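Got your viewer open? Let's take a walk through this one, stop by stop.

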Amino acid sequence: MPFRLSCVALFLCCCTPTFATEQDEQLEESPAIELALPCQSADEPCVTDPKTPSANDLKEIVLPAEKNSAAEIPITELENAPAEPVWETITLLGNTLPINSKTTIKWYSGHISGGFDLATPVVVIHGKEPGPTVCLTAAVHGDEVNGVEIARRVVQNIKSEDLKGTLISVPVVNMDGLWRKDRYMSDRRDLNRAFPGDINGSTASRVAYSLFNNIISHCDSLIDLHSGSMYRENITQLRVDLTIPAVAEMAKQFGAVSVLQSSAPSGSLRGSATKVGIPTVVMEVGGPFTINIALIETAVKALRSYLSSIDILPHSFFWSSPQPTFYASQWLRSQQGGILINKVALGEKVNKGELLGKISNPVNDQVEILFAPFDAVVLGRAEDQFVSAGYAVYNLGKRSNIKELEQQGSESKKNVVKQNAQEVGLTITDQEATETTSPSEQQ
Ligand SMILES: [Zn+2]
C-alpha cells in the first residue's frame, strides 16, 4: 500500500485516513509494552503517526522497562532508529517525483480508438511533509465535465509546500469519451462498470485495469467526481456506502455537504477501490455536458474541507465545523411519456403534495401532474425535455441520520443477496445474508 512513511519497527500502528489521536495519547503516556500496536488488517496501509517518538524519546521510555519487553532490543539499534518518519520521493507511472513538487505526468491507457498512443495527464502534488495520498478522478464518464473543472480548481490552488502528503488528480479519466462528448467508451461500454478491470478484457475493462493498477493502487482515499446522466442534474452531493465504517468516517469530513446513502454498483470505481481498502466516495455535481459554477464552488469548498480535516492541508478552513446533512433518497418516475416542464428548482424544499412538474403528451394532450409524495429536498431532477414512461424524473431526499441510513443500507444489501440466491434456486437465512454483506468483508 502506498503510504511512503518508513516505520520504526516497534511502532506499527493501525490507521485510517485521519491520524489516530487516541493512540497519540497512549504513545505519550504509556510504558513500552503499550507502544506496540498491531495493524487492524493486512489490507490496511500502516502509517506512522507524525508524533512518533524520536530516538531520544525511545531511550528515555524503553531503558527502565522490565525483561521480556522492548528494552531487550540493543541500545545501538534504538540509536539507529530514524528520528522522524522518512518522507521520500514518489514513483508513479515510471516518473520519480521529488518532495515538495507539483508535476504533470502522462498516463498511457494504451487503448485509444484506432491504436493511437495518446497520453492522459495526471497531476501529482507531492508535499513537503509526510501524510496520506489522496486521489481525485473526474470524467470517468466522458460527458461529465463539472468534475474536470473541480479538479482543476482544487489542484491550481494547492502549493506543494503547504501539503502534508500527496494529491494525485486524474482530471479526465475517459479522454476517449470526452473528445466524442460521450458518456461511454468507444466500445459502447460504461467504464464505471468495468473496474477493477481485466488486462485481457474489453476495451473499457483494459482501461479500468490500467487506471486501477497504475494509479488508484497508490491512493489512501479517493474522491470520484461525477454528474447526473441523461440530462439530469444533481445538487452537489456525496454518494456513500455508510455501512462501511471507513467510508462513513470519510463522508463526515466534507463540511456542510449533502450525503446520500448509496451502495456502490458492481464494477464501479468506488466499489472496487473500497473493496481493496481504499475508502472512496462519489461526489455528484450538476448535469452532463455543462458547467455549473455555483455547484462547482460548493464542491471545491467541500473537497478543501476534506483535505483540511485529514490534515493534508493547513487548518485555515471554513467548513470544518458545519456538519453534513444525511438523506435517504428515492427516485420519482413518470407514468407517461411526453414533454416534461419542471415547476421546482434543484435544491428546493417541497412539502408532501406540492407540485413538482408536469408531463404533457404532445399528441393527445394528456397531462401527468407530479406531486411530492413526502416532505423532501429536490436532490436531483431531470431537465425540461422529452421523457418516456418510467423515466426517473426527481431524486427526492428525506432528512435522516447516519444510523438509520446505515441500517437501511444493510437491509437493502441483505435483500439483494437473498434475491440473487433465489434466482439460482438457493434459500439463505437472514444470518447468512448478513454475513455475506458484512462491512469487514467489503473492505
Ligand atoms: Zn458519472
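## Starting in a loop

Start by selecting proline 196, which you'll find in the loop between helix 5 and helix 6. Keep in mind as you click around that this is a predicted model. Now add phenylalanine 195 to your selection and look at the bond between the two: phenylalanine 195 and proline 196 are joined by a cis peptide bond, with omega at about 0 degrees. That's worth a pause, as most peptide bonds are trans.

Stay with phenylalanine 195 for a moment. Is it buried or exposed? With a relative accessible area of 6%, phenylalanine 195 is buried, since anything under 20% counts that way.

## Over to helix 6

Next, select residues 203–214, which make up helix 6. Try measuring from end to end in your viewer. At 1.5 Å a residue, these 12 residues should span 16 Å, and the end C-alpha atoms are indeed 16 Å apart, so the two agree.

Which residues of helix 6 are buried? They are Ala204, Ser205, Val207, Ala208, Ser210, Leu211 and Phe212. To see what these buried residues pack against, show strand 3 (101–107), strand 6 (164–170) and helix 8 (269–275).

## Aromatic pairs

How many aromatic pairs does a search of the whole structure find? The search turns up 3. For one of them, select phenylalanine 195 again together with phenylalanine 212: the ring centres are 6.4 Å apart and the planes meet at 50 degrees, so this pair is tilted. Phenylalanine 195 sits in the loop between helix 5 (175–179) and helix 6, while phenylalanine 212 is in helix 6, so the pair ties together parts that are 17 residues apart in sequence. Phenylalanine 212 counts as buried, at 8% relative accessibility.

Now jump to tyrosine 231 and phenylalanine 289. Their ring centres are 5.8 Å apart with the planes at 35 degrees, so this pair is tilted. Here distant parts of the chain are linked, 58 residues apart: tyrosine 231 is in the loop between strand 7 (221–226) and strand 8 (232–240), and phenylalanine 289 is in the loop between strand 10 (280–286) and helix 9 (293–309). Tyrosine 231 is partly exposed at 45% relative accessibility, and phenylalanine 289 is partly exposed at 40%.

## An arginine over two rings

Select arginine 232. What does it lie over? One answer is the face of tryptophan 331, at 5.6 Å from the ring centre. Arginine 232 also lies over the face of tyrosine 391, at 4.2 Å from the ring centre.

## The zinc ion

Click on the zinc ion and show what surrounds it. His141 (ND1), His226 (ND1) and Glu144, listed with OE twice, coordinate the zinc ion at 2.0 to 2.4 Å. Look along the sequence and you'll see these donor residues spaced as H-x2-E-x81-H. Why is the arrangement irregular? The 4 donor atoms subtend angles of 57 to 149 degrees around the zinc ion, which makes it so; a tetrahedral site would need all angles between 85 and 135 degrees. Histidine 141 is buried, with a relative accessible area of 3%, and glutamate 144 is buried at 1%.

## Two backbone surprises

Last stop. Most residues other than glycine have a negative phi. Select leucine 93, in the loop between strand 1 (90–92) and strand 2 (95–97): its phi is positive, about 50 degrees, although it is not a glycine. Then pick asparagine 100, in the loop between strand 2 and strand 3, where phi is positive too, near 60 degrees.

Methods: Residues numbered from 1 in each chain as written. Predicted model: local features only at pLDDT ≥ 70, side-chain atom pairs only at ≥ 80, totals over all residues. Heavy atoms only, no water. Helix = DSSP H or I, 4+ residues; strand = E, 2+ residues; numbered from the N terminus. Expected span 1.5 Å × (residues − 1). Buried < 20%, exposed > 50% of the residue type's maximum accessible area, 1.4 Å probe, protein only. Contact = heavy atoms within 4.5 Å. Donors = N, O, S within 2.8 Å, 3.2 Å for Na, K, Ca; no water. Tetrahedral: all angles 85-135°; square planar, octahedral: opposite > 155°, others 65-115°. Phe/Tyr/Trp six-rings, centres within 6.5 Å; stacked < 30°, edge-to-face > 60°. Lys NZ or Arg CZ within 6 Å of the ring centre and 35° of its normal.
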